[in-house]
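Dear colleague,

Please find the structure below, followed by some notes on what was found in it.

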Amino acid sequence: MLPKKVTVVEVGARDGLQNEKNVVAPSDKIAFIDLLSESGLRVIEATSFVSPKAIPQLADAEQVYTRIRKAPGVRYPVLVPNLKGYRRAKSCGADAVAVFTAASEAFTKRNINMTIEESIATSADVVRQAKSDGAWVRGYISTAFGSPFGDAVTPHMVRDVCVKLVELGCDEISVGDTIGVGVPTQVDELVPLLAREMPLECLAFHFHDTRGTALANVYAALQHGVTIFDASAGGLGGCPYAPGATGNVGTEDLLYMLAGMGIGTGVDLARVRAASRFIRGVVDHELTSKAFQALEANG
Ligand code: HMG
Ligand code: MG
């Protein structure tokens, strides 16, 4: 029993552009997001209010967030690692934020210089403030399928972090395969475990496609009734603190597969492709999405 409808969360402007070698100009980021806003996507992650020393690529978060054209009915979440980031986001008018932790201690240390426990405590402060301001909150669990630093990650470790984020009051949990090592049988094991702790309709998956398993993992999750998937236009992305991590599942790839399976998204693939074409010209390298490449090859 597959779902009839899926929500696609576009993360290219954040996950994608945080990983580009060359910093993309704010005006290009804004133009990219504005093109994505014309595609029917209902959720477009816009940027991160993190330390500019940690992610110089997104140091222009204020400029980008305040200048994008916000389409009615579209949510534009932003990443915030701590209260400082939350205050910056709020002062720009952000009403949807994402806190982030991970299942791997080693990754959490490198990514945000905290233990998992410290990151949950820091997230708790953010979620409390965000909720009292009426904001919507997503919680990310990175490295849920494996760590780039060799420390073991088990489904029960992911479940334990998930429970804590749900207790904080996150509206949605996105479970990330940060380095694209996951396989469908892992998804089969993880979803029932998480579904016992939270409503399935609030569970998202965030698959990077480093080893070509992202769409297979999406299909596995669909079979368990998961209806929210993160993707990035053209397959942009990666995490600078996860060596070797490449992009998310391409939005075009995900849309192509879902459309072919008769699953509705409300997103116009041609318009996402137009946004990808634009950003390809800016980043000046080929994009990895297979469906994007096939469309380009056919003119
Ligand atoms: P730290 O150095 O331990 O923290 O960094 P600190 O509190 O000592 O702050 C250091 C400096 O940063 C200070 O400035 C702070 O004021 C400043 P200084 O006194 O040196 O001039 N600072 C900030 N500035 C602006 N905005 C802020 C902020 N916070 C502190 N919010 C910290 C800890 C968490 C801040 C840092 O490590 C950080 O920002 N990390 C973010 C890393 C990141 O963004 N990684 C990528 C996103 S996660 C990801 O990609 C995975 C995901 O896609 C899911 C998946 O794929 O699985 C979501
Ligand atoms: Mg990611």
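Ligand 1 is surrounded by 27 residues (each with a heavy atom within 4 Å of it), the closest being Gln18, Lys53, Arg88, Asn113 and Thr178. This is a predicted model in which local features need pLDDT of at least 70 and side-chain atom pairs count only at pLDDT 80 or more, whereas totals for chains, interfaces and linings use all residues. Residues are numbered from 1 along each chain as its sequence is written, chains are lettered from A and ligands numbered from 1 in the order in which they are written, and side-chain values use heavy atoms, with hydrogens and water left out.

By class, the shell around ligand 1 holds eleven nonpolar, eleven polar (Gly counts among the polar) and five charged residues. Polar side-chain atoms of Gln18 and Asn111 approach the ligand: that of Gln18 lies 2.8 Å from an oxygen atom of ligand 1, and that of Asn111 lies 2.8 Å from a nitrogen atom of ligand 1. For His208, a polar side-chain atom lies 3.0 Å from an oxygen atom of ligand 1. Of the 1100 Å² of accessible area (Shrake-Rupley method, 1.4 Å probe) that ligand 1 has on its own, the protein covers 73%.

The space that ligand 1 takes is the largest pocket, where a pocket is an open set of points on a 1 Å grid over the protein atoms alone, at which a 1.4 Å probe fits, with protein on both sides within 12 Å along at least five of seven lines, and lining residues have an atom within 4 Å of a point. Ligand 1 counts as sitting there if more than half of its atoms lie within 2 Å of the grid points. The largest pocket has a volume of about 530 Å³, the space filled by probe spheres set on the points.

With kind regards

Methods. Polar contact = N/O pair within 3.5 Å; in protein donor to acceptor, adjacent residues only side chain to side chain.
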